[in-house]
Amino acid sequence: MAELFRNFIAGEWVAGATASVNRNPSDTADVVGEYAQADAAQAKAAIAAAKRAFPAWSTGSIQERANILEKVGAEILARKDELGTLLSREEGKTLPEGIGEAARAGQIFRFFAGEVVRMAGEKVASVRPGVDVEVTREPLGVIGLITPWNFPIAIPAWKIAPALAYGNTVVCKPADLAPGCAWAIAEILSRAGLPPGVFNLAMGRGSVVGEALVNDPDVTALSFTGSVSTGRGIAAKAIARMAKVQLEMGGKNPLVVLDDADLPTAVNVAVQGSYYSTGQRCTASSRLIVTAGIHDRFVAAVADKLSTLRVDNALLTGTDIGPVVDASQLDIDLKYLEIGKGEGARLVTGGERLQRATDGYYLSPALFSEAGNAMRIAREEIFGPVACVIRAKDYDEALAIANDTEFGLSAGIVTTSLKHATHFKRHAQAGMVMVNVPTAGVDYHVPFGGRKGSSYGPREQGRYAAEFFTTVKTAYTAA
C-alpha cells in the first residue's frame, strides 16, 4: 500500500473524501504516494479556519512571522537534496534541476522572512495645516493560492511566503498532478509554529477545491498560475464578486538571434531556454526568430547539440532532459508535432517517442525549421520539448515577429550589438527581457510576470509581491 498523505486544515491532518495516486513519469510503476482529495465541504472548512485565524495573525508579532518563515526556509535548504529528489520523482525534472528548484524555494522563504521586518510606510505633510498623513500597507485577509505542476515547490513557495509574510492567512490548492512538494512545504509549516488555520493545504480537483476558493465570499484574493483558459474563467468569477486576483498564465516566448551573435552562445541560450525542464516552462523560448545571415548555421548547430542530449530517467546521473509529465501532455506534444508537419514546417530533428529501461513518457527534443509565425506551432503554447525556427530578414522584422503574439511573458535576444540589445530591451512587448541569457531562468528577489495574455494583476516575487498581498491605507490625524 502506498503512503497516504492527508490535507492540513485548521492545524490538523485530515483524510480527504477520496485519494489520488501520484506516479513517477520516469517510471510509471513507481508510486510516489496517495494524496488526499478534498471535497467542497473540506475546502469550505479550510477557508473558515483561515478566516478565524486572520485577526490574530494579521495584528500579531512581526518578529514571530519572520522567525517562522526563516525556520521554514532553513529547513527546506537543509533538505534540498531530499526535496529535490521528490520533485524530480513526481514531476520529471532532472535531479540537478529538482535540487536547484528546492533550494530556490528555501531562499524565497528566507527572503520574505526579511521582508516582514522591512515593511515600511510613509509619513507625509498634508496640504492642510495641522493635519498629519500616514500611508501604510495592511494584509488582505484569506488568500486562495492555486499552483501548477511544472514548478511544484518554487511556485507554491513564492505565493505562500509573501502571503504569510504580509499577515494574510492561506488556503493552498496545489496541482492535482504533482501535489507532493506542496504537501512537503505544508508539513514543514505545520511544525514551524504557525497558529492553527493560518496555513491550510486542500489538495484536490480544480473543479471542486478551486471552484470553492474562487466562489467563496470569505476568500479576499486569489493568486493563480496555470492555463490561459482556466485563468480567464477565474478572473471573470473573482472580479464579479470584487475579489482581488493575480494571474500568471501562458507564454509563446521569442528568442531573437541576430547575424552578429556568437554562435556557441546562441546555441546554448536556445537549447537551455527551449528544451531544459523538458520545455515545460511558461518562460521557455519556443519561437526561435533567426536572421538570414546566421539562420542555416544556427539550425544545424542546434540540431547537432540536441543529438548529444541524453533523454532518460530524471533521477539518473547524466540525464539532460527528463520525461514529459504525463500521458496527456505527451499526447498534446505528439499532436503538435503532426500539426507542425501538416502546416509545412520541416522537422529537422527529434519528436520521437523513446523507450528507456523504465516505462516513462520520453520524447526526443524536436526542432522545426521553415516555420511561419502564423502557424499554430508558432502561436499556441505546446508546453513540451518542441521549438520552431522562424526566418527573419533583419532585426526590424525579427522584432516585429517577436511582438506578434497574444502572449508577453519573456523575450530574449542574442547579439553582440549594444544598439540592438538596448532597443530590444525597450521595445520587446514582454514583462521580462533577456540579453544573451536563456528566456527561462529568473531570480527570486525581482518581479516576475508578463503582459498581454500572459499575466493579469500585480507582479509576483521580490518586493513587488506587496502590491498584490497587501492593501494601502491612508490615515489623517489632527495634530
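This tour goes through a predicted model, from a helix and a strand to the cavities and pockets.

**Helix H7**

Select residues 206–215, which form helix H7. The buried residues here are Val209, Gly210, Ala212, Leu213 and Val214. Now show what covers them: the cover includes helix H1 (40–59) and helix H8 (228–240), along with strands S8 (142–146), S9 (169–173) and S11 (219–225).

**Strand S19**

Move to residues 386–392, strand S19. Of its 7 residues, 6 are buried, so the strand is largely enclosed by the rest of the structure. Add strand S14 (residues 287–291), which pairs with S19 in the parallel sense over 5 bridges. To find the register, pick valine 290, whose bridge partner in S19 is arginine 391. Next add strand S18 (residues 366–371), which also runs parallel to S19 and is joined to it by 4 bridges. Here alanine 371 stands opposite isoleucine 390 of S19.

**The cavities**

How many cavities of 30 Å³ or more does a search of the whole structure find? There are 2.

For the largest, with a volume of about 80 Å³, select Gly279, Arg281, Ala284, Ser286 and Phe383, the residues nearest its centre among the 13 that line it. The lining comprises 5 nonpolar, 5 polar and 3 charged residues.

For the second largest cavity, of about 70 Å³, centre the view on Pro254, Ala402, Thr405, Phe407 and Gln429, which lie nearest the middle of a lining of 14 residues. Helix H13 (395–403), strand S20 (407–408) and strand S21 (410–414) each supply at least two residues of that lining. By class it holds 7 nonpolar, 6 polar and 1 charged.

**The pockets**

The largest pocket contains about 1,100 Å³ of space. Of its 43 lining residues, Trp149, Phe224, Gly226, Ser227 and Thr230 are the closest to the centre. The elements giving two or more residues to this lining are H7, S11, H8 and helix H11 (327–343). Colour H8 separately: it gives the most, with 6 residues. The whole lining divides into 19 nonpolar, 13 polar and 11 charged residues.

Finish at the second largest pocket, whose volume is about 340 Å³. Select Arg104, Phe151, Arg281, Ala440 and Gly441, which lie nearest its centre out of 19 lining residues. Arg281 was also selected at the largest cavity, where it is one of the residues nearest the centre. Helices H4 (95–118) and H5 (154–165) each supply at least two residues of the pocket lining, which has 10 nonpolar, 4 polar and 5 charged residues.

Methods: Residues are numbered from 1 along each chain as its sequence is written. This is a predicted model: local features need pLDDT of at least 70, side-chain atom pairs count only at pLDDT 80 or more; totals for chains, interfaces and linings use all residues. Side-chain values use heavy atoms; hydrogens and water are left out. Buried means under 20% relative accessible area, exposed over 50%, partly exposed in between (1.4 Å probe, protein chains only). Contact means heavy atoms within 4.5 Å. Two strands pair if DSSP finds at least two bridges between them. On a 1 Å grid over the protein atoms alone, a cavity is a set of points where a 1.4 Å probe fits but cannot get out, and a pocket is an open set with protein on both sides within 12 Å along at least five of seven lines; lining residues have an atom within 4 Å of a point. Grid points are joined across faces, edges and corners, and a volume is the space filled by probe spheres set on the points. Ala, Val, Leu, Ile, Met, Phe, Trp, Tyr, Cys and Pro count as nonpolar, Asp, Glu, Lys and Arg as charged, and the others, Gly among them, as polar.
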